[in-house]
Every structure is written in structure tokens, then in C-alpha cells.
Amino acid sequence: MKTKELTKKGLVMLTMMFALVMSAEGQPKQVVEFQTVTTQHETAYKSFIREGKYKEAIAPLTTLINLIDTTTIYKVANISEAVVRQLNAPYYYDLACCYAVSKQKKQALKALEQAVALGYKDYNNMLYDNDLTSLRKDKTYQALLTAVKEKTPLHVLRKSASYAKDSVRLDVKFTYMPKDDYRLSVVRDYLKLDSVAGQGDELSKIINDGECHVINAVWSSQLQKWLWIDPTNDAWVMDENGTMLSIAEVRERMINDQPLVLCETANWNHSEKQTKEGYLYGYMSKNLYYFVCKKYSRFNPESDYRPNPAEEDIRLIPVGFVNDNWKCDTTDPDFFWAKPE
């Protein structure tokens, strides 16, 4: 039951949401009492599961679900009711597991339906979870599994429309802060980027230079493209011949089910080794649907101390995607991923 971790995250998420809208001292008594009671029931049902007592876990788990289903704390905490209710998705999944192991198939399927209806989307967990073995051949289970699969980021990505040439205004273009700007020089010296990068060729310097956030697109003059570089995970992606790939190339290969090779060094913050399946298909696929870039790439582009209007962004979207938050969209990847000038 992998979702023991997910359920823990559920109440942690709820606590974090409350923290965003009020300090601990300022929380209404109703919120504090709710957090206390739900934590008690969560602890109780998890203890039973750890002991292999799935049937006994049903009562505190059901109580926990009912508490979240009926609470009105969203009224005093300024949180969406829908968001609060959706926290029950992993709990309903755990309830389905408990019923299935306890040979209560009808109740298990009903709980699983509730989990999926609330947005449960861990397809691989639902596919391979041994707790649900007794449900595998049931048509309802199979239909629910298909529904979850259709919600996975990789499935959504593969169903997305293609790109196309468009009529982006000719006066729209990407520009870049001069490399000798004093602010960039300060960062370069402070982080000792030259010594970190080493004395190898361009690609080795790009790989060595790990001072950046999450994942970067780094222009390679050697390969004439923007490379996928992820310092947080010591990761880059290659084709079957060992050639480093761009973000755009990874996206297309993922959509077309072409070979992708994750570097052997891939790990999360030097503590957890990454696999291609988990890192690319399970996690990164959700980040490849559309892309946004500043028209002017510069030092600290999203500062809290300066305006950050949508007019400064250009977004690359699939044909037919609609969202009014951006002022300048393009469906032309050649324009968006053009060589920097």
C-alpha cells in the first residue's frame, strides 16, 4: 500500500494550506480541533495496517474520511471546499485496499470509485498494488484503472495536439542580458562558476555547472540546441546513441515512445537515485505540456521587487490549447527554441 505515504502528505498539505492563510496562533479553534482529531484517526488506522490488521483499520479510516467529507473548516480558513474534499482521494484508496484484503470486494470497488472520482491518479500504484489483487479481473476495477491512466501526465501529453507554424508578430523576439553585465559577473564570481565548470569541453562545463534551479534549458554551441540540464537531480537525457537531448527532443520522444536514456548519475539532491520511468515518465511528463519563457532573459527575472506582468512572457502551446493568462502565445517551436542572438 504505497499510499501510506500519500495519506501522510494529505494532512501535511492541509496543515500547510492553513499556515498560508493564518499563523498558528491565529487559527480558529475549529481548525485546531479538526487537525488534532484527524491526526489521531490517521495514526490509528496506519498502526493497524503496519500490524497487518486491515480489517481493524477500516473503522478509524472510515471515520477519518467522514470527518473530511463533512467538515466546514473551509469556511473559517478561506480554503476551497473542493480542495478539502479532494484530500480524501488517497484515503478512499487506502480504504479500498483494506476492504480488498479483508475479502469485501463490493465495498472495495465502491471505495476505489470514490478515490478515482476525487482525483486519485497514481496509475502504477493502482496497477501493481498487491492489496488490490482480488479486484484485478473485475470489469469495474479495469474501467477505473483505465480512467486513472487517462489522467496521467504522460497520457495527456501523448494525446495533445501537435505544434504548427503561426503568425507571431514580427516585433516579438527573445533578447538576452549582455554576458558582461555587472550583475551576472557578481553571480559568476560569488558562485565560482568558472572553477566549478572546469577546463573540459563545452558539454562537460555545462554538466559540471550545477548552480541553478530545478531544470534549465542551456544553449550548446557545440550541439546547436537548448539542452535538458537538471542540477537538482544531476540529470540530463540522451538518445540511444548517447547524444544529449534538448527539452523539445525529450518531449517529442516521450510522445512518440522513442528511446530515451537517463544519465547514470541521476539522483535527487545526492540522496535518492532516479530511474528513467520514475523521473521522466512519472514526474517530468507533467511539465512538458507547454512552456513559458521571458522575452528578455536577465538577472533575477521573477523578482518580488519588480513587476512581473504576463506581457513579458512568451508561451509555446499545442494547437487548440486555450488559456487567457498569457498575452503572447505561439504554436511554433522553431520560433520558441530559436538560437539565442
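**Exercise 1. In this predicted model, determine how the side chains of Arg 158 and Asp 257 meet, and where in the chain the two residues lie.**

Solution.
Step 1. The side chains of Arg 158 and Asp 257 form a salt bridge, with an N to O distance of 3.5 Å. This lies inside the limit of 4 Å that applies to such a pair.
Step 2. Arg 158 belongs to helix α10, which spans residues 153-159, while Asp 257 sits in the loop between α14 (247-255) and β5 (261-262). The pair links distant parts of the chain, 99 residues apart.
Step 3. Arg 158 has a relative accessible area of 35% and is partly exposed, whereas Asp 257, at 57%, is exposed.
Step 4. Asp 257 follows α14 and has a positive phi, near 55 degrees.

**Exercise 2. Establish whether Asp 181 is buried or exposed, and identify its salt-bridge partner.**

Solution.
Step 1. The partner of Asp 181 is Arg 183, and their closest N and O atoms are 3.0 Å apart.
Step 2. The relative accessible area of Asp 181 is 15%. Residues under 20% count as buried, so Asp 181 is buried.
Step 3. Arg 183 has a relative accessibility of 30% and counts as partly exposed.

**Exercise 3. Describe the salt bridge between Asp 329 and Arg 315 and the elements that it ties together.**

Solution.
Step 1. The N to O distance in this salt bridge is 2.7 Å.
Step 2. Asp 329 is in strand β11 (residues 329-330) and Arg 315 is in strand β10 (residues 313-316), so the bridge ties together parts 14 residues apart in sequence.
Step 3. Asp 329 is partly exposed, at a relative accessible area of 28%. Arg 315 counts as buried, at 0% relative accessibility.
Step 4. For context, the structure holds 16 salt bridges.

**Exercise 4. Locate Asp 332 and describe its surroundings.**

Solution.
Step 1. Asp 332 lies in the loop between β11 and α16 (333-336).
Step 2. With a relative accessible area of 9%, Asp 332 is buried.
Step 3. A network of salt bridges links Asp 332 with Lys 165 and Asp 334.
Step 4. A polar atom of the Asp 332 side chain lies 3.0 Å from the backbone nitrogen of Asp 334.
Step 5. Not counting residues up to four places away in sequence, Asp 332 touches Ala 164, Lys 165, Asp 166 and Leu 316.

**Exercise 5. Characterise the environment of Arg 251 and of the helix in which it is found.**

Solution.
Step 1. Arg 251 is found in helix α14 and is buried, with a relative accessible area of 3%.
Step 2. The side chain of Arg 251 makes a polar contact of 3.3 Å with that of Tyr 163.
Step 3. Leaving aside neighbours within four places in sequence, the residues in contact with Arg 251 include Leu 157, Ser 160, Leu 288, Phe 291 and Pro 318.
Step 4. Besides Arg 251, the buried residues of α14 are Ile 247, Val 250, Arg 253 and Met 254.
Step 5. The buried residues of α14 pack against α10, α15 (276-283) and the strands β2 (216-220), β3 (225-229), β4 (237-238) and β8 (291-294).

**Exercise 6. Classify the packing of helices α2 and α3, and examine the place of Phe 48 in it.**

Solution.
Step 1. Two packed helices are described by the angle between their axes and by the distance between those axes.
Step 2. For α2 (residues 29-50) and α3 (residues 54-70), the angle is about 160 degrees and the axes are 8 Å apart.
Step 3. Angles over 145 degrees count as roughly antiparallel, and α2 and α3 are therefore roughly antiparallel to each other.
Step 4. The crossing of α2 and α3 is left-handed. Among the residues making the contact are Phe 34, His 41, Tyr 45 and Phe 48 of α2, and Ala 57, Pro 60, Leu 64 and Ile 68 of α3.
Step 5. Phe 48 counts as partly exposed, at 27% relative accessibility. Apart from residues up to four places away in sequence, Phe 48 touches Lys 53, Glu 56, Ala 57 and Pro 60.
Step 6. Phe 48 and Pro 60 are twelve residues apart in sequence, and their C-alpha atoms are 9.5 Å apart in space.

Note on methods
Residues numbered from 1 in each chain as written. Predicted model: local features only at pLDDT ≥ 70, side-chain atom pairs only at ≥ 80, totals over all residues. Heavy atoms only, no water. Helix = DSSP H or I, 4+ residues; strand = E, 2+ residues; numbered from the N terminus. Buried < 20%, exposed > 50% of the residue type's maximum accessible area, 1.4 Å probe, protein only. Polar contact = N/O pair within 3.5 Å; in protein donor to acceptor, adjacent residues only side chain to side chain. Contact = heavy atoms within 4.5 Å. Axes fitted to C-alpha atoms, helices over the stretch in contact; angles between N-to-C directions. Parallel < 35°, antiparallel > 145°, perpendicular 65-115°, else oblique. Left-handed = near helix turned anticlockwise from the far one by under 90°.
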